[in-house]
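Subject: The structure, and what turned up in it

Hi there,

Here is the structure I promised to pass on. Have it open while you read, and the notes below should be easy to follow.

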Amino acid sequence: MAETTLQEARATGSARLEWALVAIGIAALIAAPFFFYPVFLMKMLCFALFACAFNLLLGYTGLLSFGHATFFGGAAYFCAHAVKVWGWPPEAGILLGTAGAAVLGLVMGFFAIRRQGIYFAMITLALAQMFYFFCVQAPFTRGEDGIQGVPRGHLFGLLDLSQPHNIYYTVLGIFLIGVFAIWRIVNSPFGMILKSIRENESRAISLGYSVANYKLAAFVMSATLAGLAGATKALVFQFATLTDVTWQMSGEVILMTLLGGIGTMVGPIVGAGLVVTLQNTLATSGFPVTIATGLIFMVCVLVFRRGIVGEIYARLLTSVGTGKKE
Amino acid sequence: MNAILEITPILEITNVTRRFAGLVAVNDVSFTLKQGEILGVIGPNGAGKTTLVSLISGTLPPTLGDIAFEGHSIVKLPAYQRARLGIGRTFQIMRPFPGLSVLDNVAVGALFGHGGGESELAKAREQAREQLRFVGLEKFSDQRADELGGPSRKRLELAKALAMQPKVLLCDEVMAGLNHVEIDEVIDVLKRVRERGISILVIEHVIKAIKSLSDRLLVLHHGEKIADGEPDTVLSNPQVVEAYLGRKRA
Ligand SMILES: Nc1ncnc2c1ncn2[C@@H]1O[C@H](COP(=O)(O)OP(=O)(O)OP(=O)(O)O)[C@@H](O)[C@H]1O
Ligand SMILES: [Mg+2]
């Protein structure tokens with residue numbers, strides 16, 4: 001009995017510490033635009049949400065998708081088109097982009113989830129390449145030019161999003177809602193079943209779970225949230241281009257997630273922040289960005305196998321000596 | 001044994017055959033498992049015992065034959081639906097969810113039928129804790145499953161299968177590698193499982209254990225059923241002695 005109470009005390013202690021860290025993190029994000037360039041921060045938030053959505057699939061379900069650019073970039077196109085060409089308000093554009101990504105996720109997931117491991121990754125990559133070529137050809141994406149000059153408009157007809165702080169806090173709100181949704185999913189019974197599928201698929205089946213349906217649901221949720229990130233990004237940068245649907249973008253989100261630590265809530269956020277910062281720093285230095293990120297990635301894989309945050313958790317846990325914390 | 005014998009058997013296996021590329025792992029096997037019964041299945045290595053369990057649980061489809069659960073054919077149902085109907089199994093090669101805690105390993109089994117809220121998770125964990133207490137693993141609740149030793153993993157297999165509240169439990173060598181004391185404890189657990197009204201099919205190599213546990217024994221040899229009946233009668237059957245016991249003694 002004494003053991004369990006001690007463990008419970010530790011658990012509530014670490015839970016309190018976590019909440020304190022979350023509160024500090026949110027406070028820092030609220031204060032950030034007074035110290036940093038808002039567009040840079042918003043880019044970070046969009047990619048962080050994208051990486052978190054990706055992590056729902058890789059980290060918590062154990063599925064490595066190589067096609068997530070489809071949802072991110074696709075949603076950006078849908079949102080940009082709806083806002084610019086149809087004159088929709090920003091919230092409706094984001095909603096459309098997100099819903100579009102969900103539909104794309106349903107289609108891609110339907111074909112991919114029946115395969116395992118590398119075949120799963122290959123199917124997602126193949127379908128994402130098909131979507132890329134569709135975007136190159138389709139008139140509404142305007143080919144190489146992309147959809148430029150997307151107006152940010154007024155949120156709910158009230159808030160003028162052309163004001164840097166207004167758009168920043170809108171993006172921050174979307175980011176927090178998205179991450180909160182993922183947190184809820186991960187800590188729900190559904191999330192527990194996803195984790196059991198990640199750990200041992202055939203065992204999950206023998207306990208009565210139709211693994212295929214759970215995987216598809218996780219895939220669609222991940223795609224939807226990736227779409228939310230992509231649609232938001234289109235409003236931030238006021239354009240949607242082919243860059244966001246390329247396979248390099250699918251690779252980048254894998255990099256961010258692995259770098260930060262898969263299967264942790266904070267890992268992908270840290271990973272995305274790091275990669276975006278790096279890209280911005282290197283862009284002005286003249287040093288080739290891809291080589292630098294590749295090198296950093298290699299170092300991380302060799303030194304911190306669990307990713308930065310994963311490694312920190314592992315160190316903390318071995319020093320405390322209790323069970324794994326998700 | 002004065003177990004409640006109802007008219008419909010809980011499991012009815014009719015002329016089931018399973019072939020693997022030329023090899024007949026299970027050959028035209030028929031038998032029934034009655035409500036509340038403990039049926040022991042023995043046979044030499046490679047006799048087809050695990051294959052039989054996989055055919056019933058739905059992990060493998062049979063090449064021929066029919067399997068009925070509570071009077072209804074289930075051969076066309078996928079494995080997860082059979083599990084939901086109430087067929088629980090353990091795995092000879094233990095399959096925990098290594099990265100989850102022991103408690104959560106069992107809670108996953110208890111989650112089915114619950115809603116989506118977080119309070120449901122707490123309820124499932126509470127049920128899981130009960131199952132862990134039942135099999136004597138409660139003190140390991142918060143450890144990761146892959147930190148458990150072999151004997152404890154066997155118990156974890158049992159707790160996980162029990163958490164889904166099965167009507168039939170298929171045990172594939174849950175006593176292998178255990179010492180005498182541990183074997184007696186598992187026998188005790190299985191007897192208490194049966195007292196809950198759960199029918200059990202138990203595969204085991206330890207003759208003494210299976211004899212004291214089973215109401216009836218079934219012997220497989222080269223995929224064929226060579227005996228089925230009272231444990232004492234079956235174990236003194238010359239064919240069985242030759243096929244199985246004889247070889248062991250030699
Ligand atoms: N998936 C498979 N593919 C091909 N052959 C298989 C497969 N599974 C089992 N077999 C073969 O079928 C036969 C029966 O195997 P099974 O595992 O059912 O035996 P068993 O009675 O459980 O043996 P043990 O006592 O060693 O557990 C063996 O010859 C085995 O090699
Ligand atoms: Mg076997």
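Let me begin with one residue in chain A. Setting aside neighbours within four places in sequence, A:Ile94 is in contact with A:Cys79, A:Ile174, A:Leu228, A:Ala231, A:Thr232 and A:Leu235. Please keep in mind throughout that this is a predicted model.

A:Ile94 is part of helix H4 (residues 90–112) of chain A. With a relative accessible area of 9%, A:Ile94 is buried, because the cut-off for buried is under 20%. There is a long-range pairing to look at here too: A:Ile94 and A:Ala234 are separated by 140 residues in sequence, yet their C-alpha atoms are 8.9 Å apart in space.

**Two packed helices in chain A**

Two packed helices are described by the angle between their axes and the distance between the axes. In chain A, helix H2 (residues 38–61) and helix H6 (residues 164–186) pack at an angle of about 15°, and their axes are 10 Å apart. That angle makes H2(A) roughly parallel to H6(A). Their crossing is left-handed.

If you would like to find the contact on screen, H2(A) contributes residues including A:Pro38, A:Leu41, A:Met42, A:Leu45 and A:Tyr60. From H6(A), look for residues including A:Pro164, A:Ile167, A:Tyr168, A:Ile174, A:Phe175 and A:Gly178. What kinds of residue make up this contact of H2(A) with H6(A)? The count is 22 nonpolar, one polar and no charged. You may recognise A:Ile174 of H6(A) in this contact, as A:Ile174 is also among the residues that A:Ile94 touches.

**An enclosed helix**

Helix H7 (residues 189–199) of chain A has nine of its 11 residues buried, so the rest of the structure largely encloses it. Among the buried residues of H7(A) are A:Pro189, A:Phe190, A:Gly191 and A:Met192. A:Lys195 and A:Ser196 are also on the buried list for H7(A).

**Salt bridges**

Side chains of opposite charge can pair when their charged atoms come close. How many salt bridges does a search of the whole structure find? There are 19 over all chains. Here are some to look at:

- B:Glu157 and A:Arg203 meet through their side chains in a salt bridge, at 3.0 Å from N to O. This pair crosses between chains, running from helix H5 (residues 150–163) of chain B to helix H8 (residues 201–206) of chain A. Both B:Glu157 and A:Arg203 are buried.
- B:Arg155 and B:Glu185 form a salt bridge at 2.3 Å, N to O. B:Arg155 sits in helix H5 of chain B and B:Glu185 in helix H6 (residues 180–195) of chain B, so the pair ties together parts that are 30 residues apart in sequence. B:Arg155 counts as buried at 14% relative accessibility, whereas B:Glu185 is partly exposed at 36%.
- B:Glu138 and B:Arg133 form a salt bridge at 3.4 Å, N to O. B:Glu138 counts as partly exposed at 32% relative accessibility, and B:Arg133 is partly exposed with a relative accessible area of 45%.
- B:Lys34, B:Glu37, B:Arg216, B:Lys225 and B:Asp228 are joined in a network of salt bridges.

**A phenylalanine that touches both chains**

B:Phe91 is found in the loop between strand E6 (87–89) and helix H3 (102–111) of chain B. Is B:Phe91 buried or exposed? At 5% relative accessibility, B:Phe91 counts as buried. Not counting residues up to four places away in sequence, B:Phe91 touches A:Ser202, A:Arg203, A:Ser206, B:Glu157 and B:Asp172. Those contacts include A:Arg203 and B:Glu157, the two partners of the salt bridge between the chains.

**Two backbone details**

A:Gln238 has a positive phi of about 60° although it is not a glycine. A:Gln238 lies in the loop between helix H9 (211–237) and helix H10 (247–260) of chain A, and is partly exposed with a relative accessible area of 31%.

B:His222 is likewise not a glycine, and has a positive phi of about 50°. B:His222 lies in the loop between strand E9 (216–221) and strand E10 (224–229) of chain B, and is exposed with a relative accessible area of 58%.

Happy to look through any of this with you.

Best wishes

Definitions and conventions: Residues numbered from 1 in each chain as written. Chains lettered and ligands numbered in written order. Predicted model: local features only at pLDDT ≥ 70, side-chain atom pairs only at ≥ 80, totals over all residues. Heavy atoms only, no water. Axes fitted to C-alpha atoms, helices over the stretch in contact; angles between N-to-C directions. Helix = DSSP H or I, 4+ residues; strand = E, 2+ residues; numbered from the N terminus. Parallel < 35°, antiparallel > 145°, perpendicular 65-115°, else oblique. Left-handed = near helix turned anticlockwise from the far one by under 90°. Contact = heavy atoms within 4.5 Å. Nonpolar A, V, L, I, M, F, W, Y, C, P; charged D, E, K, R; others polar. Buried < 20%, exposed > 50% of the residue type's maximum accessible area, 1.4 Å probe, protein only. Salt bridge = Lys/Arg side-chain N within 4 Å of Asp/Glu carboxyl O.
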